[in-house]
Amino acid sequence: MSEALVLGGGGVAGIAWMTGLLAGLADAGRDVSGADLIVGTSAGSTVAAQIGSGLSLGELYVRQTDPARQSPEIMVEVDLEKFGEQFGTAVSAGSVLEVRRAVGELALSASTVPESRRRSVIEARLPSHEWPTRELAIVAVDAASGEPRVFRNDSGVPLVDAVAASCAVPGIWPPVTIAGHRYVDGGVRSADNADYAAGYDRVLVVVPLGSVDVFPTEKPFADVVASLRAGGAAVAVVEPDEASLAAIGQNPLDPQTRRPSAEAGRAQGKDLEIVWS
């Protein structure tokens with residue numbers, strides 16, 4: 001039976017929560033980290049790369065909860081409601097592709113930290129900068145064309161650059177330059193990009209911020225899940241429980257959310273019963 005693990009976006013809090021969740025599932029004898037394919041979007045791309053680094057889930061968990069082991073991050077104050085309002089014009093630009101292009105234009109014109117500084121953050125997050133042997137699909141969006149780009153093990157793109165591109169939240173972090181193209185967060189296409197797991201027998205979708213897309217999508221999340229099931233896959237969706245939502249809080253980009261989010265995720269994972277349908 002082929003298995004795919006889909007890890008969605010959710011900032012540094014989402015990274016911590018997913019790491020804790022996976023560790024908690026493993027604690028309870030339900031380790032899902034050995035999936036044949038891992039689809040990673042934004043925060044999920046970081047976790048996907050970390051899982052393939054060779055470190056155990058326990059070691060990765062400590063890197064989220066122990067201040068001495070946490071990677072350096074850049075503090076961002078973000079009001080998610082205001083953030084959404086700033087993209088109000090862009091998301092009404094027309095077709096889904098036109099919206100992505102409008103968001104890309106905003107990202108390219110935004111004042112952010114230098115691209116090199118942001119890349120250093122991603123470098124520090126990843127225990128290994130080499131692509132793992134297992135298959136990864138890391139999703140980003142071309143800022144100019146609005147077209148998605150899926151970076152894979154054989155794409156010839158450094159893992160750090162692929163993850164940095166997928167994590168380039170428009171208006172917050174700089175678009176990432178790869179072979180002359182500028183890329184923004186894969187969440188501009190979809191918060192989870194679960195459709196890239198089509199063809200696998202069992203698909204576990206983990207969505208730190210819930211199954212709601214920030215930007216317009218070609219197919220709503222429920223329809224994507226229905227399509228996967230129609231294709232023969234057993235699908236399960238995991239969202240944060242009440243305690244995890246409280247730990248993630250209103251600013252998932254705040255590095256201070258890492259420890260409480262990881263702890264809440266681990267507790268949730270230990271008690272979680274995965275329901276396949």
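At 38% relative accessibility, H129 counts as partly exposed, and this histidine makes a handy way into the model, which is a predicted one. H129 sits in the loop that runs between α6 (115–125) and β3 (135–142). Setting aside residues up to four places away in sequence, H129 touches E123, L159 and V160. Q50 is 79 residues away from H129 in sequence, yet the two C-alpha atoms are 9.4 Å apart in space.

One of those partners, E123, belongs to helix α6. With a relative accessibility of 30%, E123 also falls in the partly exposed class, since that class covers what lies between under 20% (buried) and over 50% (exposed). Apart from residues up to four places away in sequence, E123 touches H129 and V160. So V160 turns up in the contacts of H129 and in those of E123. E123 can also be placed relative to A164: the pair is 41 residues apart along the chain, with 8.7 Å between their C-alpha atoms.

V160 and A164 bring helix α7 into the picture, as both are among its buried residues. This helix covers residues 159–166 and is mostly covered, with eight of its eight residues buried. L159, the other partner of H129, is buried in α7 as well. The rest of the list for α7 reads D161, A162, V163, A165 and S166, again buried.

Stepping back, what does the chain look like as a whole? Its secondary structure comes to ten helices and eight strands. The radius of gyration is 17 Å, close to the 19 Å that the globule rule gives for 277 residues, so the chain is as compact as a globular protein of that length. Measured out along the principal axes, the C-alpha trace spans about 45 × 45 × 40 Å. Buried residues account for 55% of the 277 in the chain. Long-range pairings are well represented: of the contacts between residues at least 6 apart in sequence, 78% join residues at least 24 apart. The accessible surface adds up to about 11,300 Å², and carbon and sulfur atoms hold 49% of that. As for charge, there are 22 positive and 35 negative side chains, and the centres of the two sets are 4 Å apart.

Helix α1 is another element with plenty of cover. It takes in residues 11–27, 17 residues in total, and reaches 24 Å from its first C-alpha to its last, close to the 24 Å expected at 1.5 Å a residue. Of these 17 residues, 15 are buried, so α1 is largely enclosed by the rest of the structure. Just after α1 comes G29, with a positive phi of about 80 degrees.

Positive phi values also crop up away from glycine. Most residues other than glycine have a negative phi. S42 goes the other way, with a phi near 55 degrees, and A179 does too, at about 50 degrees. Where do these two residues sit? S42 is in the loop between β2 (37–41) and α2 (43–51), while A179 is in the loop between β5 (176–178) and β6 (181–185). Buried or exposed? S42 counts as buried, at 7% relative accessibility, whereas A179 is exposed, with a relative accessible area of 77%.

Two more spots round out the tour. I274 lies in the segment after α10 (258–271) and is buried, with a relative accessible area of 18%; that value counts as buried because the cut-off is under 20%. Leaving out neighbours within four places in sequence, I274 is in contact with L25, V32, L204 and A236. A43 is 231 residues from I274 along the chain, and their C-alpha atoms are separated by 22 Å.

Q70, for its part, is in the loop between α3 (57–65) and α4 (80–86). Not counting residues up to four places away in sequence, Q70 touches R63, Q64, T65, R258 and R259. From Q70 to V12 the gap is 58 residues in sequence and 11 Å in space, C-alpha to C-alpha.

Methods:
Residues numbered from 1 in each chain as written. Predicted model: local features only at pLDDT ≥ 70, side-chain atom pairs only at ≥ 80, totals over all residues. Heavy atoms only, no water. Helix = DSSP H or I, 4+ residues; strand = E, 2+ residues; numbered from the N terminus. Expected span 1.5 Å × (residues − 1). Buried < 20%, exposed > 50% of the residue type's maximum accessible area, 1.4 Å probe, protein only. Rg over C-alpha atoms; globule rule 2.2 N^0.38 Å. Contact = heavy atoms within 4.5 Å. Areas by Shrake-Rupley, 256 points an atom, 1.4 Å probe, with all protein chains shown as cover. Lys, Arg positive; Asp, Glu negative; His and termini not counted. Charge placed at Lys NZ, Arg CZ, Asp CG, Glu CD.
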